[in-house]
Amino acid sequence: MYLLQHVELQVPSPKQDEVLLKMEATSINPFDLRIQKGIVWPFLPRKFPHIPGIDAAGEVFEVGSGVKNFKAGDKVVAVLFNICGGGLAEFAVAKENLTVSRPPEVTAFQGAALPIAGLAAHECLLRTPGFNYEKTGQQLNLLITAASGGVGQYAVQLAKLGNAHVTATCGARNLDLVKSLGADEVIDYKTPDGAALKSPSGRKYDAVIHCATGFPWSTFKPNLSTNGKVFDITPTPSVFMTYALQKLTFSKKQLVPLLMTPKKEKLDFLLNFVKEGKIKAVIDSIHPLSKAEEAWAKSIDGHATGKIIVEP
């Protein structure tokens, strides 16, 4: 496992289609930890030193020669998919096509908490047959595991903006929080019903947004409706194997690994929800960049409530 270290580097220069950001905040995602553990090598990191951090909120400091929609001084939110990373830094470069304007109603912390976690939750809902934000059509039954975590908190709120009844699991200390986010039923995952993922009202789930770990397919299957889907946001190789086997056997119930490509339009869509007060980030803690290793350790621990933020 690669260690997290503080180093001095040159301020990066934006390429033609990039903007240089003076960072105001970033947040840590499970994908950052997967990079550190070498799970996605040799794809990432592709060069060292690698600066972790995909989510970014900041101020445009400089723009590349081909950038048309931003100028120095603009407040923005961005997804940093660069070879070198870099949200855990004072400056970072972002592609123009993954950068959106941040309205004054949205703080840097709220902005930095949103991109990867919010987009993952949104993507699962978009892939759920019959789901819509207009609240039309038949009500769907959704299960969201680890609903007090980074993705789970957004999944609950977004699902309740649409045509969904939400059952959620979390630890006992976060039951009231998850209820306040809008969940219709909340289960302590350490109880027998929580371990079995059973709905207290006996519902079968049309979709599961699976943000936890450690549940085998055999636990999900009896709780799904005829065409129920389980979206695994941190898929392991066994999840891909199960998915492939189910496709080959034309199974109606499926375990689906979430592979997401961030899109500017979708990020802007979610940011507008934040602006309008329809969704919010639950923030676990805020750490200075000088103590980023404390934020990293808290994320590794795996029991954060909401998002862990780091600010320069």
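These exercises work through aromatic pairs, strand pairing and nonpolar cores in a predicted model.

**Exercise 1. Classify the ring pair Phe61–Phe91, and say what the pair ties together.**

Step 1. The ring centres of Phe61 and Phe91 are 5.2 Å apart. Pairing requires centres within 6.5 Å.

Step 2. The planes meet at 70 degrees. Angles over 60 degrees count as edge-to-face, so the pair is edge-to-face.

Step 3. Place the residues. Phe61 lies in strand β2 (residues 55-63), and Phe91 in strand β4 (residues 91-95). The pair therefore ties together parts that are 30 residues apart in sequence.

Step 4. Check accessibility. Phe61 has 47% relative accessibility and counts as partly exposed.

**Exercise 2. Describe the geometry of the pair Tyr133–Phe269, then its location.**

Step 1. The centre-to-centre distance is 5.6 Å, with 50 degrees between the planes. The Tyr133–Phe269 pair is tilted.

Step 2. Tyr133 sits in the loop between α3 (115-126) and β6 (140-144). Phe269 belongs to helix α9 (residues 264-275). The two are 136 residues apart, so this pair links distant parts of the chain.

Step 3. Compare burial. Tyr133 is buried, at 17% relative accessibility. Phe269 is partly exposed, at 35%.

Step 4. Widen the view. Tyr133 and Phe269 form one aromatic cluster with Phe131 and Phe273.

**Exercise 3. Identify the parallel partners of strand β10, and decide whether β10 is enclosed or open.**

Step 1. Strand β9 (residues 205-210) runs parallel to β10, joined by five bridges. Tyr205 stands opposite Leu224 in β10.

Step 2. Strand β11 (residues 254-257) also runs parallel to β10, through four bridges. Here Phe231 stands opposite Val256 in β11.

Step 3. Seven of the nine residues of β10 (residues 224-232) are buried, so the strand is largely enclosed by the rest of the structure.

**Exercise 4. Locate the largest nonpolar core relative to the domains.**

Step 1. This core has 55 residues; Tyr154, Val156 and Leu158 touch the most other members.

Step 2. Find the suppliers. Elements giving at least two residues each include α2 (108-113), α4 (150-161), β7 (164-170) and α9. Helix α3 gives the most, with seven residues.

Step 3. Domain 1 (16-101 + 281-308) and domain 2 (116-255) both give residues to the core, so it lies between them.

Step 4. Inspect Tyr154. Beyond its sequence neighbours up to four places away, Tyr154 touches residues including Gln110, Ala117, Ile279 and Lys280.

Step 5. Set the other core apart. A second, separate core has 12 residues, among them Val19, Met23, Ala78 and Ala94.

Notes:
Residues numbered from 1 in each chain as written. Predicted model: local features only at pLDDT ≥ 70, side-chain atom pairs only at ≥ 80, totals over all residues. Heavy atoms only, no water. Phe/Tyr/Trp six-rings, centres within 6.5 Å; stacked < 30°, edge-to-face > 60°. Buried < 20%, exposed > 50% of the residue type's maximum accessible area, 1.4 Å probe, protein only. Pairing = 2+ DSSP bridges. Core = buried A, V, L, I, M, F, W, Y, C linked by side-chain atoms within 4.5 Å. Domains from an automatic or database assignment. Contact = heavy atoms within 4.5 Å.
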